[in-house]
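Thank you all for making the time this morning. I would like to walk through one model with you, beginning with the strands, moving on to a helix, and finishing with the ligand and a single serine.

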Amino acid sequence: MGTSSAPGVRIRDLAPEDLDRGLLDSLDALRPASGADPGAVRRAYGEIRANPNHVVAVAIHDSRVVGTAALLVERKFIHGGGLAGHIEDVAVSAGHQGARIGTMLVEYLLDVARRRGCYRTTLDCEEGLVGFYTRMGFERRGVHMRVDHR
Ligand SMILES: CC(C)(COP(=O)(O)OP(=O)(O)OC[C@H]1O[C@@H](n2cnc3c(N)ncnc32)[C@H](O)[C@@H]1OP(=O)(O)O)[C@@H](O)C(=O)NCCC(=O)NCCS
């Protein structure tokens, strides 16, 4: 694990300048994001930055963000008060997909989760991405359930 690489691409934690260097454009691959209200984006960034249990990784190519993924670390009462990792919002810009950047982002966050002491990491995905995540060590477990509040 953790051995994938795409030439000229570096993975690191999110930095303030990334908001103006393509972070939202890369998220467009997942859901429309680049048209979001700038004030709301700044507020979200402030909240995310203040939470040490919310880690956002970015893939940088030519000083631009070309991919992103997030890890939430949850403290539990069960499992001996252990930590569980949750991966969310994995997205690679349309023009950069298929170059192993998604794999690099997820492997980076799995490494963070391991180093933070998480006993497991989970995520939800579409059926078509089961192979993509299986190659990184994920196993299919349980059923995804959801309620929409609005
Ligand atoms: C899914 C996604 C993050 C993968 O990132 P990526 O950088 O393109 O993926 P990689 O280059 O690391 O792909 C590794 C493998 O997964 C496969 N793969 C990638 N995206 C896939 C998809 N949508 N469906 C099926 N297989 C896919 C690739 O073909 C590749 O397989 P190979 O090694 O046999 O050629 C990216 O395609 C993306 O942003 N998609 C739109 C948003 C999305 O669906 N996000 C996932 C939310 S769970």
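Let me start with strand 1 and strand 2, which run antiparallel and are joined by four bridges; within that pairing, R10 has I60 in strand 2 as its bridge partner. Please keep in mind throughout that what you see is a predicted model.

Strand 2 is also paired with strand 3, again in an antiparallel arrangement, and here eight bridges join them, with H54 standing opposite L72 of strand 3. These two strands form a hairpin that leaves two residues between them, and in the turn D62 takes a positive phi of about 50 degrees. As a general reminder while you look at the sheet, side chains in a regular strand alternate between its two faces.

Now to helix 4, which runs from residue 101 to residue 116. Helix 4 contains 16 residues and reaches 23 Å from its first C-alpha to its last, which is close to the 22 Å expected at 1.5 Å a residue. Just after helix 4 comes G117, whose phi is positive, at about 95 degrees.

Which residues of helix 4 are buried? They begin with the run I101, G102, T103, M104, L105, V106, E107, Y108, L109 and L110, and A113 completes the list. As for what they pack against, the buried residues of helix 4 meet strand 1, strand 2, strand 3, strand 4 and strand 5, and helix 5 as well.

That brings me to the ligand, which has 16 residues around it, and of these Q97, G102, T103, C125 and F132 come nearest. The elements that contribute two or more residues to this shell are strand 4, residues 83–92, and helix 4. By character, the shell divides into ten nonpolar residues, five polar ones and one charged one. G102 and T103, then, are on the list of those nearest the ligand, and both are also among the buried residues of helix 4.

Finally, let me turn to S26, which is found in helix 1, residues 23–27. Why do we call S26 buried? S26 is buried because 27 other C-beta atoms lie within 10 Å, where the cut-off is 20 or more. Leaving aside neighbours within four places in sequence, S26 is in contact with V65, V66, G67 and T68, and also with A91, V92 and S93. By contrast, the C-alpha atoms of S26 and G82, which are 56 residues apart along the chain, are separated by 33 Å.

Conventions
Residues are numbered from 1 along each chain as its sequence is written. This is a predicted model: local features need pLDDT of at least 70, side-chain atom pairs count only at pLDDT 80 or more; totals for chains, interfaces and linings use all residues. A residue is near a molecule or strand if its C-beta atom, placed from the backbone, lies within 6 Å of it. Ala, Val, Leu, Ile, Met, Phe, Trp, Tyr, Cys and Pro count as nonpolar, Asp, Glu, Lys and Arg as charged, and the others, Gly among them, as polar. A residue is buried if 20 or more other C-beta atoms lie within 10 Å of its own, exposed if 12 or fewer, and partly exposed in between; C-beta atoms are placed from the backbone. Two residues are in contact if their C-beta atoms, placed from the backbone, lie within 7 Å. The expected span of a helix is 1.5 Å times one less than its number of residues. Two strands pair if DSSP finds at least two bridges between them.
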